[in-house]
2 protein chains.
Amino acid sequence: MKTSVGLHTYLQERRERVEAALGNVFPADWPIPERLREAMDYSLLAGGKRLRPILALAAAEAVSGREETSSMALPFACAVEMIHTYSLIHDDLPAMDDDDYRRGRLTNHKVFGEAMAILAGDGLLTHAFHVAAGAAEAGVPPERVLAVVRDLSRYAGLPGMVGGQVSDMLGEQGITSLEQLEHIHLHKTSDLIAFSLRAGGHAAEADERQLDGLGRFGRNVGLAFQIQDDILDLVGTEDKLGKPVRSDERQQKVTYPYLLGLDESRVRVSELTREASEALLQAGLAKPDRLLEIADYLLNRDH
Amino acid sequence: MKTSVGLHTYLQERRERVEAALGNVFPADWPIPERLREAMDYSLLAGGKRLRPILALAAAEAVSGREETSSMALPFACAVEMIHTYSLIHDDLPAMDDDDYRRGRLTNHKVFGEAMAILAGDGLLTHAFHVAAGAAEAGVPPERVLAVVRDLSRYAGLPGMVGGQVSDMLGEQGITSLEQLEHIHLHKTSDLIAFSLRAGGHAAEADERQLDGLGRFGRNVGLAFQIQDDILDLVGTEDKLGKPVRSDERQQKVTYPYLLGLDESRVRVSELTREASEALLQAGLAKPDRLLEIADYLLNRDH
């Protein structure tokens, strides 16, 4: 007898909860310039997998073994999606990747102008900390909320996502080794995913061993996810991905398939997913199953 | 008999403490790309009055009546200066004010390039929260630290500095009323100053009445400071200011002297300084004298 809903239903239900919450992250009674609100909402409510926030919710549930716990993690889930969104807005700027489209829509600066896109990113980044700190009102103990604030500023910050972005930029022409490429992805992508899992853990008052296991699971899943993205860019179909394929090739990006070949890249995804599972199973979680299922899904997706 | 050092010595000593602390805000053992560290330090350690951090320290001392309390406020003092610095870096970008010089030196993007300047700003903003949250280790109770994190994300964020920046940008051509101009400066400038004072108050475990008084003091001092800046741009000498004068006129900026005339602007500065003093004297602080002295100094400065 099945004790819980299928993965597809689970992901959809959690995504809807996250999107409902994201629709309310800007307090209605705050005097926020309307155009700024529009610019932030344009990118924040643009859809997407909502992978990071869903992982935060699932991590909380895995630690406690109870689905209700995920509501404690909801502020952290929203915060990480806001950070992810600001980073996309700033990445797309002319001075950075200079992208006109993302997920089939015009990028933020193409609609609102460069100055507003910079400020919308700054606003989302700043407000993410407000939302995360708000978890204290949802009943998360202040010490735990503070730990998450510090984690967020670290994983999204200098030794994390921002640092990874800089390494990527500085290395753009000269990445020749797998180590360099892995270093960049670990910080650009994995760190925020590891944060999501640890934050969910904190919401459920995880102990150090559990937090560590969740973080390592996130690190490996994040890297696998990135390699899978590179593979799909090469072998996926535009129809399923909802974006042009082979864009990495056209942009002469150094990717895993470029450095390792396609088969070896697939092996690396499998290895990382196995390492992720092991880290999770050793973490002493009440109910690790759903997180394992999500990892499996990420490994086998075609979009 | 004098019970404490003169204002000049006080400001210098506090500025040196803040600058020493700012020199150590990036943990030495964090893997931060060297070029990113340089770009952040270039702007963070570029001097300046350090008004905001000094006010945070002075507010803590005013609440407790003891100079030692300011060490509890030092992490908040550093955080606000990091926020102030990131906002200057982003403001100077070509897509924003497009400035080549600040305080007589090339702006961040002129030295490090636009992409790095955007990321250095993002990094400083993100890390400011890490530094602020670190006050828990300096002995500030977690509930107070969380209150400051929420204050910081609000005063520096959507209804505060970022929102003020957006209003400024959107109104640039069409500001015709004093109300509009005041609204912009309240958020662009005053909010971060009000935050500094409240954060210092929190560090000394101020009660609601004290926090409110400190915040109103900061709001009025911040506005007076901005008007004084506008006046000095018009009547100051390049020698004393260390920057070109009459730049507002050349840029056709709408300023207080432009809307009110010079004499009326001076009256407004006096009024605001008096309102600031009143707010402070009604706040029930142990030792408000130093903050009053600083407000007086800001009113009478010629640079």
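## Salt bridges and the chain A–chain B interface

The side chains of A:Glu61 and A:Arg14 meet in a salt bridge with an N to O distance of 2.9 Å, a salt bridge being a side-chain nitrogen of Lys or Arg within 4 Å of a carboxyl oxygen of Asp or Glu. This pair links distant parts of the chain, since A:Glu61 lies in helix α3 (residues 51-64) of chain A and A:Arg14 in helix α1 of chain A, 47 residues apart; helices (H or I, at least four residues) and strands (E, at least two) are DSSP runs, numbered from the N terminus. The model is predicted, so local features need pLDDT of at least 70 and side-chain atom pairs count only at pLDDT 80 or more, while totals for chains, interfaces and linings use all residues. Residues are numbered from 1 along each chain as its sequence is written, chains are lettered from A and ligands numbered from 1 in the order in which they are written, and side-chain values use heavy atoms, with hydrogens and water left out.

A:Glu61 counts as buried at 8% relative accessibility, and A:Arg14 counts as buried at 4%, where buried means under 20% relative accessible area, exposed over 50% and partly exposed in between (1.4 Å probe, protein chains only). Over all chains the structure holds 34 salt bridges.

Within chain B, B:Arg290 and B:Glu293 both lie in helix α15 (residues 289-300), 3 residues apart, which is about one turn of the helix. B:Arg290 is buried at 11% relative accessibility, whereas B:Glu293 is partly exposed at 33%. In chain A, salt bridges that share partners join A:Glu13, A:Arg14, A:Glu61 and A:Glu67 into one network.

Three of the pairs are set out below.

| Salt bridge | Closest N to O distance |
|---|---|
| A:Glu61 and A:Arg14 | 2.9 Å |
| B:Arg290 and B:Glu293 | 3.0 Å |
| B:Glu137 and A:Arg150 | 3.3 Å |

The count between chain B and chain A is 2 salt bridges, one of them being that of B:Glu137 with A:Arg150. The elements that give two or more residues to the side of chain B that touches chain A are α2 (34-44), α4 (70-92), α6 (114-133), α7 (142-155) and α8 of chain B. The largest share of that side, 13 residues, comes from α6(B). By class, the side of chain B that touches chain A has 31 nonpolar, 11 polar and 7 charged residues; Ala, Val, Leu, Ile, Met, Phe, Trp, Tyr, Cys and Pro count as nonpolar, Asp, Glu, Lys and Arg as charged, and the others, Gly among them, as polar.

In total, 49 residues of chain B are in contact with 49 residues of chain A, contact meaning heavy atoms within 4.5 Å. The area buried between the two chains is about 4300 Å², of which carbon and sulfur atoms give 79%; buried area is the accessible area (1.4 Å probe) that two parts lose on being put together, summed over both.

Chain B superposes on chain A by a rotation of 180 degrees with 0.0 Å of shift along its axis, at an RMSD of 0.0 Å, the fit being by least squares on the C-alpha atoms of residues with pLDDT of at least 70 in both copies. The two copies are thus related as by a two-fold rotation axis. Moreover, 100% of the interface residues of chain B are also interface residues in chain A, so the copies meet through the same surface.
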